[in-house]
Each structure stands twice: as structure tokens, then as C-alpha cells.
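This briefing is meant to be read with the coordinates open, topic by topic. Please follow each named residue in the viewer as it comes up.

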Amino acid sequence: MKLKSGCFLQYLYLDEVYCLLSVRNAKALTDYFQLLDVHRKNALNNLQFYCFLHYVTDLRKKHIMLLFDLLDRNATGEIGFDEFYMLVCLLLAHENHLEKQFIYRHSGTAFRLLDRDDGHTISPREFQATGFLFNIKKEELQKIFKDFDISGDEQLNYKEFKMFSVFCIDKQQEKKKEKMRRRMTKGSVSISLPPGSASSQ
């Protein structure tokens with residue numbers, strides 16, 4: 001899932017810690033939403049939603065319509081600005097490789113998105129169908145259920161999912177530290193002074 005080059009969303013800044021937009025960016029997004037809302041209902045129907053995501057991302061139709069159904073929890077056939085705002089934050093998190101940070105900061109939202117049947121648990125099948133949202137591969141999915149399905153019922157309840165989200169952020173911070181260590185190692189180049197300089201005497 002990638003944003004298309006030059007689309008409006010690429011000009012929005014997502015806070016890396018909280019995975020939310022600044023007030024100024026949220027205002028710009030509100031104006032953008034109002035432009036999309038041609039029927040002036042403070043909501044987007046499935047066709048408007050499809051056109052929007054088809055224009056700004058490389059998502060296939062089946063994924064776009066699945067995402068619409070996941071956001072339209074009340075089955076009204078529309079999504080409001082709150083859902084739209086969270087969707088944009090998720091798209092930007094994905095674009096900036098902050099999917100795990102998003103899961104950690106918005107674990108309740110992420111859990112509800114993955115829980116397709118509203119059964120208050122997430123099955124491997126549900127996780128696999130919606131894994132594209134958080135860039136979770138099949139191998140990683142198997143490991144998640146092996147490590148965090150404490151009850152052993154082959155489902156993740158919210159507490160187990162929350163543990164997974166904490167693990168995600170710990171892992172992401174480790175990667176960040178390792179990246180900084182590598183940068184510092186590359187940056188520390190030994191400088192040899194020419195013979196006859198003050199320090200070599």
C-alpha cells in the first residue's frame with residue numbers, strides 16, 4: 001500500500017510519536033474532506049471513498065471496499081470525518097514506515113479494524129485479510145499468534161493484542177537505536193594529520 005506521487009496527502013506531516021496530524025494539517029484535511037463531500041452530508045459514500053483511495057493510493061478495488069466496510073462499523077453505507085481522519089493517519093503511518101507505532105498508539109482502533117466480525121477477538125484469518133493495512137507478512141503473522149496467543153484458542157483478544165502492540169514498539173525502538181549506532185559508526189572517520197603538523201610533533 002503506497003501513496004501515489006504528488007497526491008495531497010504527501011504534503012501532510014504525521015507526528016512520529018503519536019501518529020496524529022498537527023492542528024494546521026487537520027484543518028487542511030477538514031477542507032479536503034468537504035471538497036470530497038459533494039452531497040454535503042458530512043460523510044462519504046462507498047463510491048466517493050473508492051474514488052478517493054483509488055486516486056491517492058495503489059490499493060486494489062477489493063482492498064478499498066474491504067477497508068470501507070471495516071470503517072463503516074454501523075453499516076450505514078457512509079463514513080464520517082472521524083473515520084476519514086484515522087484512515088489518513090494510517091495511510092501516512094504506512095508511508096513513513098510507522099505502522100507498528102500506529103498499532104501501539106491506537107491499539108483500540110487497530111484492534112477494531114482487524115476484528116472483522118465484531119467478535120472481540122482476532123483470528124489468523126482476519127489478521128491475514130487485513131494485514132496489508134499494517135504491512136504484516138504471513139511469516140510474521142504466524143509468529144504473532146505463536147508468541148501472543150496466551151489462552152491458546154488461536155484467537156487474539158484485546159489484552160493479547162495490546163501485549164503485541166507493546167512488543168512492536170519495543171522492537172521498533174531497538175531498530176531505531178541500531179540505525180543510529182550504524183550512522184555514528186560511519187560518521188566516526190579517523191582523520192590522519194599530515195607529517196610536520198602541530199599534533200604529529
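**Briefing on the predicted model**

Val 17 is located in the segment before α1, and with a relative accessibility of 39% this residue counts as partly exposed. The structure described here is a predicted model, and its confidence values are therefore given before the finer points, since predicted coordinates should not be read in detail where pLDDT is low.

**Confidence**

- Averaged over the protein chain, the pLDDT is 88, and 91% of the residues score at least 70.
- Among the elements of the chain, strand β1 (residues 44–45) has the highest mean pLDDT, at 98, whereas helix α9 (residues 158–187) has the lowest, at 81.

**The segment before α1**

- Val 17, which belongs to the segment before α1, has its C-alpha 34 Å from that of Arg 40, and the two residues are 23 positions apart in sequence.
- Ser 22 also lies in the segment before α1, and its relative accessible area of 33% makes this residue partly exposed.
- Between the C-alpha atoms of Ser 22 and Leu 12 the separation is 8.8 Å, with their positions 10 residues apart along the chain taken as the sequence distance.

**The loop between α1 and β1**

- Most residues other than glycine have a negative phi, which is the background for the next two entries.
- Arg 40, found in the loop between α1 (23–36) and β1, has a phi near 55°, a positive value in a residue other than glycine.
- Asn 42 is placed in the loop between α1 and β1, and its phi is likewise positive, near 55°, in a residue that is not glycine.
- As for their surroundings, Arg 40 counts as exposed at 63% relative accessibility, and Asn 42 is exposed as well, with a relative accessible area of 60%.

**Loops on either side of α7**

- Asp 118 sits in the loop between α6 and α7, where its 44% relative accessibility classes this residue as partly exposed.
- The C-alpha atoms of Asp 118 and Lys 159 are 16 Å apart in space, while 41 residues separate the pair along the chain.
- Lys 137 lies in the loop between α7 (124–130) and α8, and this residue is partly exposed, with a relative accessible area of 45%.
- From Lys 137 to Asn 45 the C-alpha distance is 30 Å, for a pair that is 92 residues apart in sequence.

**The largest nonpolar core**

- In soluble globular proteins, nonpolar side chains tend to be buried together.
- The largest nonpolar core of this model holds 55 residues, of which Leu 9, Leu 53, Phe 127 and Phe 134 touch the most other members.
- Two or more residues of this core come from each of α1, α2 (46–56), α3, α4, α5 (99–105), α6, α8 (138–148) and α9, and the largest share, 10 residues, is supplied by α4.

**The second largest pocket**

- The second largest pocket encloses about 200 Å³ of space, and the elements giving two or more residues to its lining are α3 (61–71), α4 (81–95) and α6 (107–114).
- Its lining is made up of Leu 70, Leu 71, Arg 73, Asp 82, Glu 83, Met 86, Thr 109, Arg 112 and Leu 113.
- By residue class, this lining divides into four charged, four nonpolar and one polar residue.

**Cysteines**

- How many disulfides does a search of the whole structure find? The search finds zero.
- Cys 7 takes part in no disulfide, and the nearest cysteine sulfur, which belongs to Cys 89, is 14 Å away.
- Why does Cys 51 form no bond with the closest cysteine sulfur, in Cys 7? The two sulfur atoms are 15 Å apart, which is too far for a bond, because a disulfide here requires sulfur atoms within 2.5 Å.
- Cys 7 and Cys 51 can also be described by their accessibility: Cys 7 counts as buried at 3% relative accessibility, whereas Cys 51 is partly exposed, with a relative accessible area of 44%.

Methods. Residues are numbered from 1 along each chain as its sequence is written. This is a predicted model: local features need pLDDT of at least 70, side-chain atom pairs count only at pLDDT 80 or more; totals for chains, interfaces and linings use all residues. Side-chain values use heavy atoms; hydrogens and water are left out. On a 1 Å grid over the protein atoms alone, a cavity is a set of points where a 1.4 Å probe fits but cannot get out, and a pocket is an open set with protein on both sides within 12 Å along at least five of seven lines; lining residues have an atom within 4 Å of a point. Grid points are joined across faces, edges and corners, and a volume is the space filled by probe spheres set on the points. Helices (H or I, at least four residues) and strands (E, at least two) are DSSP runs, numbered from the N terminus. Ala, Val, Leu, Ile, Met, Phe, Trp, Tyr, Cys and Pro count as nonpolar, Asp, Glu, Lys and Arg as charged, and the others, Gly among them, as polar. pLDDT is the predictor's confidence in each residue, from 0 to 100. Buried means under 20% relative accessible area, exposed over 50%, partly exposed in between (1.4 Å probe, protein chains only). A nonpolar core is a set of buried Ala, Val, Leu, Ile, Met, Phe, Trp, Tyr and Cys residues joined through side-chain atoms within 4.5 Å.
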